[in-house]
Structures are given as structure tokens and as C-alpha cells.
Amino acid sequence: MGRIVLDKVVKRFGDVEVIPPLDLTIEEGEFTVFVGPSGCGKSTLLRLIAGLEDVSDGAIQIDGQDATALPPAQRRLAMVFQSYALYPHMSVRKNIAFPLKMAGLPKEEQDRRVAAAAAALNLNDYLDRRPGQLSGGQRQRVAIGRAIVREPSAFLFDEPLSNLDAALRVGMRLEISELHKRLNTTMVYVTHDQVEAMTMADKIVVLHAGVIEQVGSPLELYHEPRNLFVAGFIGSPKMNFMTGTEATSRGAHTIGVRPEHITASFDSGAWKGRVGVSEHLGSDTFLHVLDTGLAESITVRVDGEFSARHGDTVWLTPIEDKIHRFDEKGDRK
Amino acid sequence: MATQHSRSAARFMMAPAVILLLGWMLVPLVMTLYFSFKKYLPLRGGDLGWVGFENYVRFVTSSSFWPSVYTTLIIVGGVLAITICLGIVLALLLDQPMWGQGIVRILVIAPFFVMPTVSALVWKNMFMDPNYGLFAYLWKFFGAEPIQWMSQASIQSIIMIVSWQWLPFATLILLTAIQSLDGEQLEASEMDGASALKRFWYIILPHLARAITVVLLIQTIFLLSIFAEIFVTTGGAFGSKTLSYLIFQRVLESQNIGLGSAGGVYAIILANIVAIFLMRIVGKNLDN
Ligand SMILES: Nc1ncnc2c1ncn2[C@@H]1O[C@H](COP(=O)(O)OP(=O)(O)OP(=O)(O)O)[C@@H](O)[C@H]1O
Ligand SMILES: [Mg+2]
């Protein structure tokens with residue numbers, strides 16, 4: 001259960017075509033992540049799947065059944081919103097039980113499922129509190145609890161962690177991944193945080209202005225980005241792009257090298273430059289090297305011990321077989 | 001901010017307002033109390049001296065006292081029920097996106113700007129007149145005998161008129177409350193399988209609780225003292241005499257200031273009892 005197929009789905013708001021015809025298949029049990037810059041249509045796509053927006057054209061199938069015209073409640077999907085959308089006047093227990101109550105389940109069954117969800121999400125101590133009396137992380141868990149009690153065929157998450165602080169985000173990320181492993185239910189997850197995308201996804205869908213730029217596993221996207229946009233979007237810090245002789249000598253219009261695929265030395269190397277800002281993360285240091293004549297600035301990852309100071313001259317050498325080549329249109333060669 | 005200096009300066013600057021308000025409230029209150037213990041008949045001998053609690057006893061034992069309390073509560077309760085129920089319905093409708101929203105909203109508010117005297121007269125003469133009122137035509141159109149609104153259904157007529165005046169207020173407050181509801185909550189409940197009716201009952205109505213409370217409180221305060229609507233329609237006849245109208249009659253028609261003042265004190269007590277009740281019910285809603 002939980003196979004979702006989008007067939008030439010189009011979404012227009014008035015005259016604006018936010019999503020041009022788009023095909024996508026989300027396999028059963030898969031953890032699919034939609035990433036892309038702000039405003040590219042990730043939320044819109046998710047809401048189309050949820051049924052909260054009507055498609056302007058095309059069809060949506062869920063588990064082989066045409067769901068294009070089904071109301072949200074009948075799609076057997078559960079959604080976790082960015083704002084959590086908990087019901088403020090109900091206790092945590094009532095919040096979690098709400099979908100069960102709406103489905104008309106007997107009281108004992110409701111209690112049993114709420115208890116199971118609360119135990120799984122560590123919410124037992126808070127069941128009688130109101131959402132307003134919970135921390136962000138706890139609210140997030142209540143929202144997830146409300147989603148899992150229904151035993152939906154797929155979960156939809158719209159940037160569920162973006163309101164949490166960094167430490168909590170790492171914890172919740174693990175919890176959601178853990179939940180996915182345990183339930184083995186399809187999950188569709190929207191984020192613009194690529195660490196979340198890389199660590200959680202089975203399959204990443206990179207969106208850009210409503211168009212799918214590439215679909216693939218996190219490592220596929222990292223190693224073989226199909227075009228300049230994906231190459232620049234996946235990976236942190238960003239890939240360095242260069243045009244000109246360095247590119248043409250390698251038979252490409254543009255070449256790209258990731259910061260981790262360049263070595264730096266004080267003595268010798270392929271490209272000479274001057275150290276600008278260096279960002280020390282402890283284990284690694286990111287050097288922003290200026291005046292190479294290749295690009296405005298080239299980012300290089302070096303060991304944390306590498307002691308370059310502002311203004312020092314460094315030599316950079318790319319790892320030749322890790323260089324990505326792109327043609328004039330920006331597509332991978 | 002709250003230094004010694006700024007606090008005393010604040011006190012100094014607030015003093016005129018506080019003194020004015022105190023005087024505004026205290027002077028009439030003290031005078032009412034003062035007269036309520038006197039036999040004071042301006043056209044029949046003036047101040048005839050202290051009479052203790054006689055006025056109070058006479059006011060309550062008069063045959064019109066309890067009916068007037070009853071009428072007051074019926075009118076206040078009826079208007080509250082109608083304005084809040086219809087107000088919720090109207091607010092829900094006005095919240096829907098529609099063509100000409102701005103104009104419709106202004107039209108809905110309009111009755112609130114009509115003076116009570118005017119609106120009551122318009123209702124009485126244009127709608128409820130048994131000979132040439134619109135309602136009479138309507139009744140005749142269906143072959144029914146026109147209702148003598150002012151005599152046969154006096155309380156209902158007054159409730160209708162006052163509700164019409166206060167409906168915009170309720171609608172407006174409830175509309176702003178509905179607009180402040182987080183759309184994602186509604187979407188979440190929709191995904192949770194709640195039908196439109198259940199969404200209203202479980203999500204929208206609890207969200208409106210606070211606004212309903214506010215409408216309830218404010219309207220009660222004003223409704224306890226409605227006067228013009230009764231004065232220009234039934235003139236207090238046909239069982240439509242409220243407590244405030246009774247006091248008016250005692251003071252101006254019977255020219256008995258002492259008796260009227262005693263009634264005024266009763267009205268203050270009644271208003272406070274109602275207020276305490278409301279605060280009790282409502283207090284829970286307001287603090288959380
Ligand atoms: N109801 C709407 N009416 C008109 N345009 C809309 C509406 N909802 C979204 N859009 C437009 O659709 C585009 C995609 O919006 P969407 O919310 O899907 O972006 P997103 O990828 O989720 O961005 P973010 O990462 O900032 O959440 C945006 O350009 C937005 O302005
Ligand atoms: Mg979004």
C-alpha cells in the first residue's frame with residue numbers, strides 16, 4: 001500500500017502555471033524527499049497529492065486507484081504540517097484521537113491506538129496537556145502521533161522540522177527515519193534542508209520552478225548530477241563551477257568540482273590563489289580561495305590542521321576523475 | 001521604566017481621568033441612594049422627608065415588579081440567542097470568498113449606525129403596522145390574518161427590532177474571530193476525515209468561544225438598559241415593560257423620584273447579579 005503516481009499533473013493559480021506537466025512515481029514504502037529552492041512548488045505538489053488543492057490538469061493515482069477527484073479524507077493519507085496544526089483547545093490525547101473519532105472507531109479501539117502511539121513517541125507524560133503547554137519538539141511528536149494512529153497508506157510531511165532548533169532537528173530526523181523503518185509506510189517529505197534530504201531519503205526529487213530536475217538516490221544525485229542546477233543544489237558547501245580554458249581543455253563548456261575533491265598545498269599545484277575567509281569547523285576547514293582567475297572564489301575543504309591565514313598563497317589541485325563536465329545548456333556530458 | 005519618578009508622574013497624569021470617572025459614577029450613584037430613602041414628589045409637595053426602606057418595599061411589592069424583571073430577562077436572553085446564532089451563520093457566510101465582498105460587509109454593518117429610536121419607528125410603522133406594514137401585506141398575500149404585532153406579540157417584536165440592531169455587532173466580532181483561525185487547522189481536520197459540520201463543531205466553534213464570550217458580555221451590558229425601542233413602540237404596554245422602563249414610569253409618569261430611585265438601586269443589583277453569572281460562565285473561557 002502507498003504507491004502514488006502523478007500523471008502529467010499541472011497546477012495553475014489563475015494564469016500562473018506553478019507546476020507544468022509533471023510525471024512522478026512514488027513507490028510503495030519509499031521515503032521520497034522533495035527538495036528545491038523556496039517557491040519552487042514543493043508544498044503545492046504535496047498539497048496536490050493530499051487533495052488540499054485541485055489539480056488543474058492530469059491525474060493522481062493512489063494504490064492503482066484514480067484519486068484525482070477524491071476528497072482528502074478518502075485518500076488514506078496523513079499529513080504533518082509545518083505549523084503542526086494541532087487543535088489548541090483539545091488535550092494531546094484528544095488531538096491524537098481526533099482522526100479515529102471522526103472515523104467512528106469504538107472508544108476502546110481509540111484508547112488502545114492512542115496509547116500505542118503515545119508510547120512509541122514518548123508522549124505518555126503529556127497526554128492531558130494542551131498543545132500550548134508543550135515544547136516545539138513535543139508538539140511535533142503529537143502531530144506525528146495524530147498522523148500514525150490512522151494507519152494511513154502514506155505520510156506527507158511539509159517541512160516538519162523547520163521550526164525546531166538545530167539539536168532537536170537532528171533528533172527528530174532520526175526519529176522520523178526510525179519510524180519509517182519500523183512502519184515501512186510510504187513517506188513523502190518536503191524540505192529545503194539538504195542535509196535532511198541526503199540523510200533521510202531513499203529517493204530525492206529535485207524541483208526547480210515546478211519542474212523535476214532529477215530524481216534519484218542521494219548518492220546518485222551527489223555523484224552524477226544531471227545538470228548544473230542539481231550539481232549546485234546538492235552538496236554543501238556548493239560545487240565550484242568554472243568556465244573558460246580549464247573547461248574547454250577538458251572538452252566541456254562548464255566544469256564543476258566539489259570542495260572536497262580539491263587538495264590544497266603551500267608549495268605546488270594546478271591553480272594558484274590567495275586565501276580569503278577560512279571557516280573552521282574543527283574537523284575540517286573550508287577555505288575560500290580568491291584570485292585564481294577561474295572563478296570569483298573557489299571553496300576548498302582541507303583538514304582542520306591545515307593552517308592557512310588570510311592572504312596566504314595556496315596551490316589547488318582538483319582530483320581529475322571527480323570533475324563534472326557540463327555542456328552549453330548546462331546538461332551533464 | 002517603572003522608576004519611582006515615572007510611577008509618580010504616571011499617577012499624577014492619570015489623576016484627572018480617574019477623578020472625572022469617579023465623580024461621573026459616584027455622584028449619580030450617591031444621589032440615587034439618597035433619593036431612594038426619601039419621599040420626594042416634585043409636583044406634589046416636593047421633599048417630604050426620610051422614609052427609610054418604604055420605597056424599596058413598595059417597589060418590589062408593586063404588581064408590575066416581577067413581570068418587569070421577567071420581561072427584561074426574556075428580552076436580553078432572546079436578543080443574545082438570536083444575535084449570536086445568526087451572527088455565527090452570517091460570519092461564516094461573509095468569510096466565504098465572494099463577489100462584492102466589501103460592499104456586502106458594509107451593508108451588514110449598516111443597521112448598527114441607525115439610531116435605536118429611528119430603527120424602532122421604522123420597524124413599527126413600515127413593517128409591523130397591522131394595516132399598511134410590509135408584514136401585513138405578506139400575511140394577506142398568503143391569505144392569513146395580519147398579526148397585531150405591538151399588542152399580540154409585543155415582546156417578540158421588541159426582541160426582533162433589538163436583534164436587528166445588534167446583529168451587525170455580533171457578526172463583525174465573530175467574523176474577525178473566524179478570520180483569525182489558522183487555515184492549516186481546518187485543512188488538518190479535513191485530512192483527519194472531519195465533515196464540514198464536524199469541522200464547524202470541533203474546530204470553528206471552540207475557536208469562537210472567546211469571541212462569543214465578548215459579544216455576550218458587551219451586549220448584556222447594553223441590553224439591560226434598552227429603552228428607546230420600548231418607548232416608541234409599545235410604550236411599555238402589553239407586557240413589554242422592562243425594569244428600566246418601569247423606573248422611568250415611576251419617576252416621570254408618577255412623578256415619584258424616591259420610588260424610581262429605589263428601582264434604580266434594584267436595577268444595579270440585577271445587573272450585577274447577571275454580570276456575576278456571566279463572568280462565572282465566561283471567565284473560564286477568557287483565561288487560558
Ligand atoms: N494559493 C496560491 N495562489 C497563488 N499562487 C500560489 C498559491 N500558493 C502558492 N502559490 C505560488 O506557487 C509557487 C510555489 O509555492 P509553494 O508554496 O509550493 O513553494 P515551496 O516550494 O513550498 O516554497 P517554500 O520552500 O518557501 O515553502 C510560489 O511561486 C507561490 O507564489
Ligand atoms: Mg512550502
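Here is a short chat about a predicted model, covering chain A and the second largest pocket.

Biologist: What makes a residue in chain A count as buried, and what share of the residues is that?

Modeller: The cut-off is under 20% relative accessible area. Buried residues make up 53% of the 333 residues in chain A.

Biologist: And what does the surface of chain A come to?

Modeller: Chain A exposes about 15000 Å², with carbon and sulfur atoms supplying 48% of that area. As for extent, its C-alpha atoms fill a box of roughly 75 × 45 × 35 Å along the principal axes.

Biologist: Which side chains are behind the charge count in chain A?

Modeller: Lys and Arg count as positive, Asp and Glu as negative. On that basis chain A has 38 positive and 44 negative side chains, and the centres of the two sets lie 5 Å apart.

Biologist: What share of contacts in chain A joins residues at least 24 apart?

Modeller: A contact needs heavy atoms within 4.5 Å. Among contacts between residues at least 6 apart in sequence, 63% join residues at least 24 apart. The secondary structure of chain A comes to 9 helices and 18 strands.

Biologist: Why is B:Phe248 called a lining residue of the second largest pocket?

Modeller: A lining residue has an atom within 4 Å of a pocket point. B:Phe248 is on the lining list, so it meets that cut-off, as do B:Met25 and B:Gly264. The space in this pocket is about 320 Å³.

Biologist: Which helix gives the largest share of that lining?

Modeller: That's α12(B), with 4 residues. In chain B, α1 (4-36), α12 (243-253) and α13 (257-286) each supply at least two lining residues.

Conventions
Residues numbered from 1 in each chain as written. Chains lettered and ligands numbered in written order. Predicted model: local features only at pLDDT ≥ 70, side-chain atom pairs only at ≥ 80, totals over all residues. Heavy atoms only, no water. Buried < 20%, exposed > 50% of the residue type's maximum accessible area, 1.4 Å probe, protein only. Areas by Shrake-Rupley, 256 points an atom, 1.4 Å probe, with all protein chains shown as cover. Charge placed at Lys NZ, Arg CZ, Asp CG, Glu CD. 1 Å grid on protein atoms, 1.4 Å probe; cavity = no way out; pocket = protein on both sides within 12 Å on 5 of 7 lines; lining within 4 Å. Points joined across faces, edges and corners; volume = space filled by probe spheres on them.
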